[in-house]
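Open the model in your viewer and keep the selection tool at hand. The stops below follow one another.

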Amino acid sequence: MRLDKFLSQQLGISRNDVGRELRAGRVTVDNEIIKTGAYKLKLEQTVAYEGTVLEQLDGPRYFMLNKPQGYVCSTDDPANPTILYFIDEPVAHKLHSAGRLDIDTTGLVLLTDDGQWSHRITSPKHHCEKTYLVTLENPISADTEEKFLTGIRLNGEKTLTKPAKLEIIEPQRVRLTISEGRYHQVKRMFAAVGNHVVELHRERIGDIYLDPDLDPGEYRMLTENEIKSINMPTA
């Protein structure tokens, strides 16, 4: 990778600004001042800016975050704080969420810079299941479980939802598993049967479950098994 591209990513500044920093002698590679942005950087070399070592990224990254309310899953939003506020990693702005949550929805968010991996989560053809803990305004109707299993028509759509599994925990607290990701799907499904979602919390994506040790706003790297589980073919 060219040194100027690497510095632009690491420091979050433009190539022009990188050029000024290089000409000022603020960048070293293996303790040697380098002033040209065209310098070809090798993976094993150590780059420092004003004496602070900048880590080179070695391959794609995968994280899980316990998202709190009040944050959006986009990487840049002029009106609302984003989930990247919680991610203390080099070049965090290169990460994206594999399946977004609404600003008022909490729970499991997966972040990565591996586009093919996240596509297996978000693409409808892969049928990646997501499980949500749902708090409702009214007690669940007796026939809702059967309706969700059969498929329902959401407002403004022509096709029925795919079969969804509903587990009733309490009259106004249920667990719902879906295998597609339509716009505001969970909220719209309950609205279609005359109920209203008060709280929504995602617990699972595929075989990846939200780590119970993560408090809201905390994150960790995924394990190798968790990463590989997304790439496994569905039965």
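How many residues in the lining of the largest pocket are nonpolar, how many polar and how many charged? By class, the lining has 12 nonpolar, 10 polar and 7 charged residues. Keep in mind throughout that this is a predicted model.

**Stop 1: the largest pocket**

Select Arg100, Leu101, Asp102, Arg182 and His184. Of the 29 residues that line the largest pocket, these five lie nearest its centre. The space in the pocket comes to about 540 Å³. Now colour α3, β8, α5 (185–192) and β11, the elements that each give two or more residues to the lining. The most comes from α5, with 3 residues.

**Stop 2: strand β11 and its partners**

From the pocket, go on to β11, residues 197–205. Add strand β8, residues 130–136, which is joined to β11 by 7 bridges and runs antiparallel to it. To see one place where these two strands face each other, select Lys130, which stands opposite Ile205 in β11.

Next add strand β7, residues 106–112. Here the strands run parallel, and 2 bridges join β7 to β11. Select Thr106 and then His201, its bridge partner in β11.

The next strand to select is β12, residues 208–209. It pairs with β11 in the antiparallel sense, over 2 bridges. Arg204 is the residue that stands opposite Tyr209 in β12.

**Stop 3: the hairpin turn**

Stay with β11 and β12 and look at what links them. The two strands form a hairpin with 2 residues between them. Select Gly206 in this hairpin and check its backbone: its phi is positive, near 60°.

**Stop 4: helices α3 and α6**

Return to α3, one of the elements that line the pocket, and show it as residues 115–122. Then select α6, residues 224–231. Two packed helices are described by the angle between their axes and the distance between the axes. For this pair, the axes come within 9 Å and cross at roughly 65°. The crossing is left-handed.

Show side chains for the residues that make the contact. On α3 these are Trp117, Arg120 and Ile121; on α6 they are Ile227, Ile230 and Asn231. Sorted by class, the contact has 4 nonpolar, 1 polar and 1 charged residues.

Terms used. Residues are numbered from 1 along each chain as its sequence is written. This is a predicted model: local features need pLDDT of at least 70, side-chain atom pairs count only at pLDDT 80 or more; totals for chains, interfaces and linings use all residues. Side-chain values use heavy atoms; hydrogens and water are left out. Two strands pair if DSSP finds at least two bridges between them. Helices (H or I, at least four residues) and strands (E, at least two) are DSSP runs, numbered from the N terminus. Axes are lines fitted to C-alpha atoms, for helices over the stretch in contact, and angles run from 0 to 180 degrees between N-to-C directions. A crossing is left-handed if the near helix is turned anticlockwise from the far one by less than a right angle, and right-handed if clockwise. Contact means heavy atoms within 4.5 Å. Ala, Val, Leu, Ile, Met, Phe, Trp, Tyr, Cys and Pro count as nonpolar, Asp, Glu, Lys and Arg as charged, and the others, Gly among them, as polar. On a 1 Å grid over the protein atoms alone, a cavity is a set of points where a 1.4 Å probe fits but cannot get out, and a pocket is an open set with protein on both sides within 12 Å along at least five of seven lines; lining residues have an atom within 4 Å of a point. Grid points are joined across faces, edges and corners, and a volume is the space filled by probe spheres set on the points.
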